[in-house]
Amino acid sequence: MGLQEVVLMKKRLTDAEKWDDPWFRKLSSESKLFWIYLLDKCDISGVWKVDFDHAEFYLGHKIDKDTVQIEYANRIDTLSNEYWWIPKFIAFQYGCLSEDSRPHVAVIRGLERFGLLEKAKSKGYLKGIYTLKDKDKDKDKDKDKDFSNEYAKEKPFKSAYKTASELKALGLI
């Protein structure tokens, strides 16, 4: 690969506790593998473009769509024959989304593209811009900044490091 070629790889958090989840434990090995595949192959907003041929090719086994939809009924929303959404994906990968976070903006745009923004808001995945609590937090941050600036003026920082001339005077260099 040349210096000019850049490969962007998706990186995802994984829940090591899924193995202790009774729902996950009851799945067949094939269904567990397919669930992990879905989490890896969905887009940044948790939407998977339905492609069973692709999944079967990579997983090495046939997938029964009807069985999967029953097993994953509480874990996916079927948007259409073409797209599925994994609602809890957002909370797990990003926590609460904020439009002030550049990486989150792309996720929010993905939700908008699929008409999922209101659903995500209703599930509490998006942080409201300037709610009353946020305004109070911003005021507290401003107060903290003012306090730290005042403190910095009162007590200037003195470096513990010596200059070259001081080190020479001490005979250290």
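Ile36 makes contacts beyond its neighbours within four places in sequence, and these involve Lys18, Trp19 and Phe24. In this predicted model, Ile36 sits in helix α2. Because its relative accessibility is 26%, Ile36 counts as partly exposed; the cut-off for a buried residue is under 20%. Ile36 can also be placed relative to Thr14: the two residues are 22 positions apart along the chain, and their C-alpha atoms are separated by 8.9 Å.

Helix α2 offers a second partly exposed residue for inspection. Glu30 belongs to this helix, and with a relative accessible area of 41% it is classed as partly exposed. Glu30 lies 29 residues from Leu59 in sequence, yet the C-alpha to C-alpha distance is 8.2 Å. Leu59 in turn is one of the α3 residues that take part in the meeting of α2 with α3.

That meeting of helices deserves a closer look. Helix α2 spans residues 29-41 and helix α3 spans residues 52-59; their axes come within 11 Å and cross at roughly 115°. The crossing of α2 past α3 is right-handed. On the α2 side, the residues involved are Leu33, Phe34, Tyr37 and Lys41, and they meet Phe52, His54, Ala55 and Leu59 of α3. Sorted by class, this contact comprises six nonpolar residues, one polar residue and one charged residue. Lys41 supplies the charged member, because Lys is counted in that class.

Two of the residues at this contact, Phe34 and Phe52, also appear among the ring pairs. The structure contains 16 aromatic pairs. A pair of aromatic rings is described by the distance of the centres and the angle of the planes. For Phe34 and Phe52 the centres are 5.9 Å apart and the planes differ by 25°, and the pair is stacked. Phe34 comes from helix α2 and Phe52 from helix α3, so this pair ties together parts of the chain that are 18 residues apart in sequence. Both Phe34 and Phe52 are buried.

Phe52 has a further ring partner in Trp84. Here the centres are 5.7 Å apart and the planes stand at 75°, so the pair is edge-to-face. This pair links distant parts of the chain, with Phe52 in helix α3 and Trp84 in strand β3 (residues 83-85), 32 residues apart. Phe52 has a relative accessible area of 13% and is therefore buried. Trp84 is likewise buried, at a relative accessible area of 2%. Following the ring pairs outward gives a cluster made up of Trp19, Trp23, Phe24, Phe34, Trp35, Tyr37, Trp48, Phe52, Tyr72 and Trp84. Trp19 and Phe24, members of this cluster, are also among the contacts of Ile36 described above.

At the level of the whole chain, the protein has nine helices and three strands. Read along the sequence, these elements follow the pattern α-α-β-α-α-β-β-α-α-α-α-α. The protein has 173 residues, of which 27% count as buried. Among contacts with a separation of 6 or more, 58% are between residues 24 or more positions apart.

A word on confidence helps when viewing the model. The mean pLDDT of the protein is 79, and 68% of the residues reach 70 or more. Residues 129-135 have pLDDT below 50, and this stretch makes five contacts in the model beyond near neighbours in sequence. Residues 154-161 also have pLDDT below 50, and for this stretch the number of such contacts is zero.

Technical notes: Residues numbered from 1 in each chain as written. Predicted model: local features only at pLDDT ≥ 70, side-chain atom pairs only at ≥ 80, totals over all residues. Heavy atoms only, no water. Axes fitted to C-alpha atoms, helices over the stretch in contact; angles between N-to-C directions. Helix = DSSP H or I, 4+ residues; strand = E, 2+ residues; numbered from the N terminus. Left-handed = near helix turned anticlockwise from the far one by under 90°. Contact = heavy atoms within 4.5 Å. Buried < 20%, exposed > 50% of the residue type's maximum accessible area, 1.4 Å probe, protein only. pLDDT = per-residue confidence, 0-100. Phe/Tyr/Trp six-rings, centres within 6.5 Å; stacked < 30°, edge-to-face > 60°.
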